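The questions below ask how certain descriptions of a structure are justified. Each answer sets a value against the definition it depends on.

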Amino acid sequence: MDCNRCDEEAVMHAAYSGAHLCADHFRESVEKRVRRRVRRDDLVPKDATPENPQTWVIGLSGGKDSVVLTQILHETFAKDPRIELVGLTIHEGIEGYRDKSLDACVELSDDLDIRHEVVSYEDEFGIQMDDVVEDDPENMAACAYCGVFRRDILSRYADDLGADLLLTGHNLDDEAQTALMNFLEGDVEQIAKHFDASLGPLSEREQQEEFVPRAKPLRDVPEKEVALYAHLNDLPAHITECPHASEAYRGEIQQLLYELEENHPGTRHSILSGYEELAGITSDEFSGENGADLQDCTECGSTTTREVCRKCSLLEALV
Ligand code: SF4
Ligand SMILES: [Zn+2]
Ligand SMILES: [Zn+2]
């Protein structure tokens, strides 16, 4: 089958749009979607100037998503002195997994010549995820611990690096799953928070000064297309899954979405666009209530809704 836009052989077919695209036109279409998302989410503020550049910290895990996001943002802003990119990699202490993906991160940041910072759970908290899984004092899934530690590092380092924005490589599949999970859990306030934390246009979010805003400019691109983009561009992405990956509910939702998408192409797009609209409305509805009871953790001083933050109480349980 030929590409819809030229005479080259198509390398992909997107059932949701009917498009058949050759490698070049496919790459162009992925890049266009990311740039459009950067514009629509108002990620570059009007007062950004070469004298007052914005620092964008990218959560660079070495998986295909964050690698593709970094590559595209680099190409987009390489000649734009208003934006400085920094890659931030977190080493959780997972044998045979993170070391290889860290190599991918180092290779990419060297290739692109961008600043790269590596932070480990070992250095920050004196723990390794492999040991946490063994101990499991709270009888929780590995990802529940890991997510708390990761969020703590991301927000602290984003602060230290002077980040104006924290970007992550969530793709369309990830975000459609999260949207559906939030719907099914029936937690409307959570949906409002999702909008304010990472989804809405920056100018429309109710933002809290304590937190660096987040953005997910890859969320219009399906997972398979992210993988194909990484492959066609020969990007150093690490594919192996974390051996502790254990979000069982997300797995069920993922399966459900595969089937729906197969029978009704475009389902992921419509879930996410409807969800975002609804999230914007609920964010307005909850406006003013956000963060009413934030305080400083008495142990580490980070911003939390409790006396001792979740990270400190987990660390306490782990010693
Ligand atoms: S899959 Fe879970 S345990 Fe593994 S790195 Fe991700 S959050 Fe951590
Ligand atoms: Zn073409
Ligand atoms: Zn704390």
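Ala, Val, Leu, Ile, Met, Phe, Trp, Tyr, Cys and Pro count as nonpolar, Asp, Glu, Lys and Arg as charged, and the others, Gly among them, as polar. The model to which this is applied is a predicted one.

Q: How do you know which residues around ligand 1 are nonpolar, polar or charged?
A: The shell consists of Glu92, Met129, Ala142, Cys143, Cys146, Gly147, Cys242, His244 and Ala245. Since Met, Ala and Cys count as nonpolar, Glu as charged, and Gly and His fall among the others, which are polar, the shell has six nonpolar, two polar and one charged residues.

Q: What gives the most to the shell around ligand 1?
A: Helix H6, covering residues 142–160, gives the most, with four residues.

Q: What makes E3 and E4 paired strands?
A: Pairing requires at least two bridges between the strands, and strand E3 (residues 54–59) is joined to strand E4 (residues 83–91) by six, so the two count as paired. They run parallel, and Trp56 stands opposite Leu85 in E4.

Q: Why are E5 and E7 said to stand at the edges of the sheet?
A: The open sheet has five strands in the order E5-E4-E3-E6-E7, with parallel pairing. Strand E5 (115–120) and strand E7 (214–215) each have a single partner strand, so one side of each is left without a neighbour in the sheet.

Q: Why is H2 called roughly parallel to H3?
A: The axes of helix H2 (residues 64–77) and helix H3 (residues 98–112) come within 11 Å and cross at roughly 5 degrees. Because angles under 35 degrees count as roughly parallel, H2 is described in that way relative to H3. The contact is made by Val67, Thr70 and His74 of H2 together with Ala104, Leu108 and Leu112 of H3; by class, this contact has four nonpolar, two polar and no charged residues.

Q: How do you know that Cys297, Cys300, Cys309 and Cys312, which UniProt annotates as "binding site" in an unreviewed entry, cluster in space?
A: These cysteines are spread over 16 residues of sequence, yet the largest C-alpha distance is 8.4 Å. Cys300 itself is placed in the loop between strand E8 (295–296) and strand E9 (303–304).

Q: What is the helix and strand content over residues 56–190?
A: Over this stretch, which UniProt lists in an unreviewed entry as "domain: tRNA(Ile)-lysidine/2-thiocytidine synthase N-terminal", the chain is 57% helix and 16% strand, with the end C-alpha atoms 25 Å apart.

Notes
Residues numbered from 1 in each chain as written. Chains lettered and ligands numbered in written order. Predicted model: local features only at pLDDT ≥ 70, side-chain atom pairs only at ≥ 80, totals over all residues. Near = placed C-beta within 6 Å. UniProt positions renumbered as here; feature names shortened; annotations may be inferred. Axes fitted to C-alpha atoms, helices over the stretch in contact; angles between N-to-C directions. Parallel < 35°, antiparallel > 145°, perpendicular 65-115°, else oblique. Contact = placed C-beta atoms within 7 Å.
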